[in-house]
Every structure is written in structure tokens, then in C-alpha cells.
Amino acid sequence: WPIPKVRSSYDNIISSDGRWWAGGVTGTNFIGLVDLQTDQVWELETPTVVSAPARGGFDRNGHAWFGGRGGAVLELEPETRHITEHNPPFPYEAFYEVLPDDNGDIWAWPLHGGRLLRFTPRTNSWIAYMLPEPYSHNRRTWVDNSTTPVTVWYVDHNGYMVRIQPME
């Protein structure tokens, strides 16, 4: 599918039902969206000019989520093609990756914030988890929904493997 403004995406995600493809373009304010059933293509502009959508995933409701290097977590509702920016209560964040879990929470990793954030859209609340020392820098994550509560794993940029499991 030719997508002129989205020449390459930083991440390519497909909804669990196989209907939607979405990809963000780091350094811009565009998210590409393709309806794989109808072949319709959209280049969607985010509300913030330099949102810089990076990596993400689809949630159980079919919404696409992306980490925004411009400081917000981006939510795309494919049916309406509406993008919502969710800003954390911490200033100057730059998100690399966000991933939804099966409970509806969104796990977000600021690039240099020293913490992992969990965003709950239904209550618009954020919880911060301090990352271990020495300084850890998350580059790829896996959300394990088979555990109660959810377990989040990531490999640190320096080779550390980290497990995060909320105490609730």
C-alpha cells in the first residue's frame, strides 16, 4: 500500500483480529493505518506536531497504542481514526515503547526517566515503578498475561534482564 507521508514505520503492529495494520513514524506526527479487509489507507496526523510515535501494540478493544517520543502515550481508535494523547504527570518524558496488557492497562517506558509507567485509561491514572540500579535502559519488552498479576519482562540496553510484577 502506498503511504506517501509514512515512508517507513518504526513499528508494525497488527490487531488480534487481523483487520488493522498501524505504524508510527518516529520524528514526525503521523501514524499510518490500513484496513486489511478493505485496503483503505489513512495517514493520520497526531494532535502534537512532534509526537514522534515509536513502538506499540493493540489492546483487547482493538485500539492501537504507541509510545510518543514527544512526551505522550498515543491511542488510536481505528474505526473512528481518532488519536488521543495521554500525558503522564511527569514532565519531559520521551516514550520508546508502550504495550497493553489483557487487563486494559498500558505499560510505558520513558527513554531516560529511570522508571516504568503503568497507565490505566478507564481511570486516567498513572503508577510509576522505579527501575533497578545500575541505570537500566529498556529497549524491548514482553507483557506476560498468563500470570496474576501481569508480569512485565524487559531486557536492559546493557544486558540486564528485569522482571516487574505489581504487588496488588
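**A walk through the cores, the sheet and a buried serine**

In this predicted model, the largest nonpolar core brings together 13 residues, and Ala22, Leu33, Ala64, Phe66 and Leu76 have the most contacts inside it. If you want to see where this core comes from, look at the strands: S2 (20–24), S3, S4, S6 (64–68) and S7 (73–77) are the elements that give two or more residues to it. There is also a second, separate core of twelve residues, and among its members are Tyr129, Leu131, Val150 and Tyr154. As background, nonpolar side chains in soluble globular proteins tend to be buried together.

Now let's turn to the sheet. Four strands form an open sheet in the order S1-S2-S3-S4, and their pairing is antiparallel. Strands S1 (13–14) and S4 (40–45) are at the edges with a single partner strand each, so one side of each has no neighbour in the sheet. The partnership of S3 (residues 30–35) with S4 is antiparallel and runs over six bridges. Within it, you can find Ile31 standing opposite Leu44 of S4. In general, strands of a sheet pair through backbone hydrogen bonds.

Follow the chain on from S4 and you come to Ser51, which lies in the loop between S4 and strand S5 (53–58). Is Ser51 buried or exposed? Its relative accessible area is 4%, and because buried means under 20%, Ser51 counts as buried. What surrounds Ser51? Leaving aside residues up to four places away in sequence, Ser51 touches Thr28, Asn29, Thr46, Gly68, Arg69, Gly70, Leu74 and Glu85.

Terms used: Residues numbered from 1 in each chain as written. Predicted model: local features only at pLDDT ≥ 70, side-chain atom pairs only at ≥ 80, totals over all residues. Heavy atoms only, no water. Pairing = 2+ DSSP bridges. Core = buried A, V, L, I, M, F, W, Y, C linked by side-chain atoms within 4.5 Å. Buried < 20%, exposed > 50% of the residue type's maximum accessible area, 1.4 Å probe, protein only. Contact = heavy atoms within 4.5 Å.
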